[in-house]
Amino acid sequence: MTDSTAEARFSDYYAATPRPPWDIGRPQAAFVASAERIGPRVLDIGCGTGDLAIWLAGQGRAVTGVDFLSEPIERARAKAAAAAVEATFLQMDALAVGEIPERFDAVADCGLFHTFDDAGRAAYVAALAKLLEPGARAFLLCFSTAEPGDHGPRRVSEAEIRAAFNVGWEIESIEPARFEVVPGIPGAEFSPGGAQAWFTQVRRV
Ligand SMILES: C[S@@+](CC[C@H](N)C(=O)[O-])C[C@H]1O[C@@H](n2cnc3c(N)ncnc32)[C@H](O)[C@@H]1O
């Protein structure tokens with residue numbers, strides 16, 4: 001189970017004004033560009049206020065979003081209702097998703113993988129392995145070691161991604177990408193155009 005420090009940290013972000021730096025009000029471009037590869041039943045893990053989940057649902061996917069905090073989940077439900085889009089949002093720890101009875105073709109992880117320490121990362125990948133059947137895919141957008149500085153999320157190297165998904169997964173692609181942020185707000189001081197990131201596609205074998 002995730003420690004309460006992480007919950008408190010993210011809770012502070014959601015209490016901040018005007019909004020958390022990652023909460024850009026639309027899906028990240030890396031996911032939009034790859035949408036056709038994302039299967040029909042999607043779990044958006046660490047979904048935040050739901051922009052990616054709602055966008056995918058609007059594209060005809062059956063989408064469930066999970067986040068361990070009530071605040072973003074309530075905002076996501078309100079956004080989906082306002083957009084008249086059907087999506088399911090659950091308050092749940094990402095490490096417990098193996099207990100969800102539904103089957104998914106894809107997991108979309110936009111900014112969650114890079115929040116874990118080494119032990120959490122291993123537990124997270126194990127949870128995904130429990131959730132996904134062979135052939136299902138996970139798509140992950142995480143900060144990369146190419147992003148200068150050390151404020152914000154942990155930077156992840158390509159080698160670390162390969163090591164995390166070394167057993168039980170085929171790594172189909174790891175591409176340089178950008179993690180867009182809300183420009184000009186506190187906490188969003190990253191590279192112009194968005195923090196340097198990796199967009200990773202892995203397949204369960
Ligand atoms: C960087 S934010 C990204 C949110 C959203 N995916 C987006 O792109 O706007 C990471 C999200 O993961 C959630 N989160 C962090 N650790 C989690 C965990 N162990 N289980 C579930 N959600 C978690 C946070 O509450 C936060 O909403």
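Read along the sequence, the elements run α-α-β-α-β-α-β-β-α-β-α-β-β. That makes six helices and seven strands. Helices (H or I, at least four residues) and strands (E, at least two) are DSSP runs, numbered from the N terminus. The model is predicted: local features need pLDDT of at least 70, side-chain atom pairs count only at pLDDT 80 or more, and totals for chains, interfaces and linings use all residues. Residue numbers start from 1 along each chain as its sequence is written.

**Stop 1: the whole protein**

Show the C-alpha trace. The C-alpha atoms fill a box of roughly 40 × 40 × 35 Å, taken along the principal axes. The radius of gyration of the protein is 16 Å, close to the 17 Å from the globule rule for 205 residues, so the protein is as compact as a globular protein of that length. Here the radius is taken over C-alpha atoms, and the rule is 2.2 Å times the number of residues to the power 0.38.

Now colour by burial. Of the 205 residues, 41% count as buried. A residue is buried if 20 or more other C-beta atoms lie within 10 Å of its own, exposed if 12 or fewer, and partly exposed in between, with C-beta atoms placed from the backbone.

Contacts come next. Among those between residues at least 6 apart in sequence, 73% join residues at least 24 apart. Two residues are in contact if their C-beta atoms, placed from the backbone, lie within 7 Å.

**Stop 2: the sheet**

Select the strands. In what order do the seven strands lie in the open sheet? The order is β3-β2-β1-β4-β5-β7-β6, with mixed pairing. Strands pair if DSSP finds at least two bridges between them. The edges are β3 (88-91) and β6 (169-179), each pairing on one side only. Neighbouring strands are turned by 20° against each other on average, direction ignored. Axes are lines fitted to C-alpha atoms, for helices over the stretch in contact, and angles run from 0 to 180 degrees between N-to-C directions.

**Stop 3: the middle strands**

Select residues 137-143, strand β5. Seven of its seven residues are buried. R137, F139, L141 and F143 lie on one side, and A138, L140 and C142 on the other. Both faces are covered.

Add residues 106-110, strand β4. β4 pairs with β5 in the parallel sense over five bridges. D109 has L140 as its bridge partner in β5. A108 has F139.

Is β4 buried or exposed? Five of its five residues are buried, so β4 is largely enclosed by the rest of the structure. A106, A108 and C110 sit on one side, with V107 and D109 on the other.

Add residues 41-45, strand β1. Four bridges join β1 to β4, and the two run parallel. Look for I45 standing opposite D109.

**Stop 4: the β3 edge**

Select residues 62-67, strand β2, along with β3. These two pair in the parallel sense over four bridges. V66 stands opposite L90 in β3. Then add residues 70-82, helix α4. The helix lies across β2 and β3, running at about 170° to β3.

Move into the loop between α4 and β3 and pick A84. Its phi is near 55°, a positive value in a residue other than glycine. A84 counts as exposed, with 7 C-beta neighbours inside 10 Å.

**Stop 5: the ligand**

Select the ligand and the residues around it. Which residues come nearest? Of the 21 around the ligand, they are G46, G48, F68, A94 and G111. A residue is near a molecule if its C-beta atom, placed from the backbone, lies within 6 Å of it. The elements that give two or more residues to this shell are α1 (4-15) and α3 (51-58).

Colour the shell by class. It has 12 nonpolar, five polar and four charged residues. Ala, Val, Leu, Ile, Met, Phe, Trp, Tyr, Cys and Pro count as nonpolar, Asp, Glu, Lys and Arg as charged, and the others, Gly among them, as polar.

**Stop 6: two last picks**

Go to P18, in the loop between α1 and α2 (29-34). A cis peptide bond joins T17 and P18, with omega about 0°.

Finish at E160, in helix α6 (residues 158-164). E160 counts as partly exposed, with 19 C-beta neighbours inside 10 Å. Draw a distance to W198, 38 residues apart from E160 along the chain. Their C-alpha atoms are separated by 11 Å.
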